[in-house]
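This briefing goes through aromatic contacts and surface patches, topic by topic. Please keep the structure open while reading.

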Amino acid sequence: MTDVNQSVASDFILVGLFSHSGSPQLLFFLVAVMFIMGLLGNTTLLFLICVDSRLHTPMYFLLGQLSLFDVGFPLVTIPKMASDFLQGEGSISFGGCAAQIFFLTLMGVAEGVLLALMSYDRYVAVCRPLQYSLLMRRRVCLLMVISSWLAGVLNACIQTSITLHFPYCASHTVDHFFCEVPALLKLSCADTAAYELALSTSGVLILVLPLSLIATSYGHVLGAVLRMRSEEARHKAFTTCSSHIAAVGLFYGAAVFMYMVPGAYHSPRQDNMVSLFYSLITPTINPLIYSLRNREVWAALVKILHRAGRKAK
């Protein structure tokens, strides 16, 4: 009990991303630019989806939820990291550390589930277009979003409570730029082997099950696209689905490396870079993937800008 009380009473020290860099000021500038770009891109996409009636479809409803997660991911980690760099210190309270773990694990699992459900949406749109309005009606879309949030909350509650239950009575220096479960477990003075095994097992289930749904959905989509006789229809299907596949690849690639590859096979520096990838780079790239190749989003943006220009005059 003394060990647990000691861990609760003490702050953790975050090493920070920039301490691993030979040019910390340059890296800080790049991170700040990407952070601002990501927030602008995702909030703009959310705004367009809300105000343009042409984007009130199941695909864009799910895409809006993805943008919401991509706004949350960087907000949990980047402002704290930037503040630590500018102030020259990296302490974080036990409660602050718990909050970071909770919200990151929540959004990580919720986004993974949502990406899998978005692949089902593309399957229905391409393979069963005549039944799309029935299979993807509003109630189904709401159920998809609620399911992703519930999966995230359940996972976050379990991982946060168990991880922070361990005593941290030795070093409190976390070799990471935010509180993440694998980095914290290295500091515990208790035996965490059983929990790490359970974490890896649950990680496989959390990652493999959605990936299986994604692979199955796009296997059917690919077969349907190859059977299309119209070159224009085939191109439209490939364009729509390739954006989602790119987002899936970026997100799951980093998640698989972090949670399925044993810790002995990657260093703290690699962990920092991979975590930066899925907590900042992927949320910044996602709105570009979905908007630059999407005429409907561009049309909505042009319409809003044109309306704003007329009001300014």
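Is F178 buried or exposed? F178 is buried, since its relative accessible area is 1%, and the cut-off for burial is under 20%. The model discussed here is a predicted one, and the points below take up its aromatic pairs before turning to two patches on its surface, one nonpolar and one positive.

**Aromatic pairs**

- Nine aromatic pairs are found when the whole structure is searched.
- One of these pairs joins F12 and F94, whose ring centres lie 6.2 Å from each other with 25 degrees between the planes, an arrangement that is stacked.
- This pair connects distant parts of the chain, given that F12 belongs to strand β1 (residues 12-14) and F94 to helix α4 (residues 94-127), with their positions 82 residues apart in the numbering.
- F12 counts as buried, with a relative accessibility of 0%, and F94 likewise counts as buried, with a relative accessibility of 14%.
- The rings of F177 and F178 make an edge-to-face pair, because their planes stand at 80 degrees and an angle over 60 degrees is what that class requires; the ring centres of F177 and F178 are 4.8 Å apart.
- F177 is buried, as is shown by its relative accessible area of 1%, and its partner F178 is buried with a value of 1%.
- A single aromatic cluster brings together F12, F94 and Y168.

**Nonpolar surface patch**

- On the surface, a nonpolar patch is made up of L26, F29, L30, V33, M37 and L288, which together have about 550 Å² of accessible area.
- Helix α2 (residues 24-51) supplies the largest share of this patch, namely five residues.
- L288, which also belongs to the patch, is located in helix α10 (residues 268-292).
- With a relative accessible area of 39%, L288 is partly exposed, because that class covers the range between the buried limit of 20% and the exposed limit of 50%.

**Positive surface patch**

- K303, R307, R310 and K311 form a positive patch on the surface.
- One of these residues, K311, is placed in helix α11, which covers residues 295-312.
- K311 is exposed, because its relative accessible area is 69% and the class begins over 50%.

Definitions and conventions:
Residues numbered from 1 in each chain as written. Predicted model: local features only at pLDDT ≥ 70, side-chain atom pairs only at ≥ 80, totals over all residues. Heavy atoms only, no water. Patch = residues over 30% accessible without salt bridge, like charges linked within 9 Å, V, L, I, M, F, W, Y side chains within 5 Å. Areas by Shrake-Rupley, 256 points an atom, 1.4 Å probe, with all protein chains shown as cover. Salt bridge = Lys/Arg side-chain N within 4 Å of Asp/Glu carboxyl O. Lys, Arg positive; Asp, Glu negative; His and termini not counted. Charge placed at Lys NZ, Arg CZ, Asp CG, Glu CD. Helix = DSSP H or I, 4+ residues; strand = E, 2+ residues; numbered from the N terminus. Buried < 20%, exposed > 50% of the residue type's maximum accessible area, 1.4 Å probe, protein only. Phe/Tyr/Trp six-rings, centres within 6.5 Å; stacked < 30°, edge-to-face > 60°.
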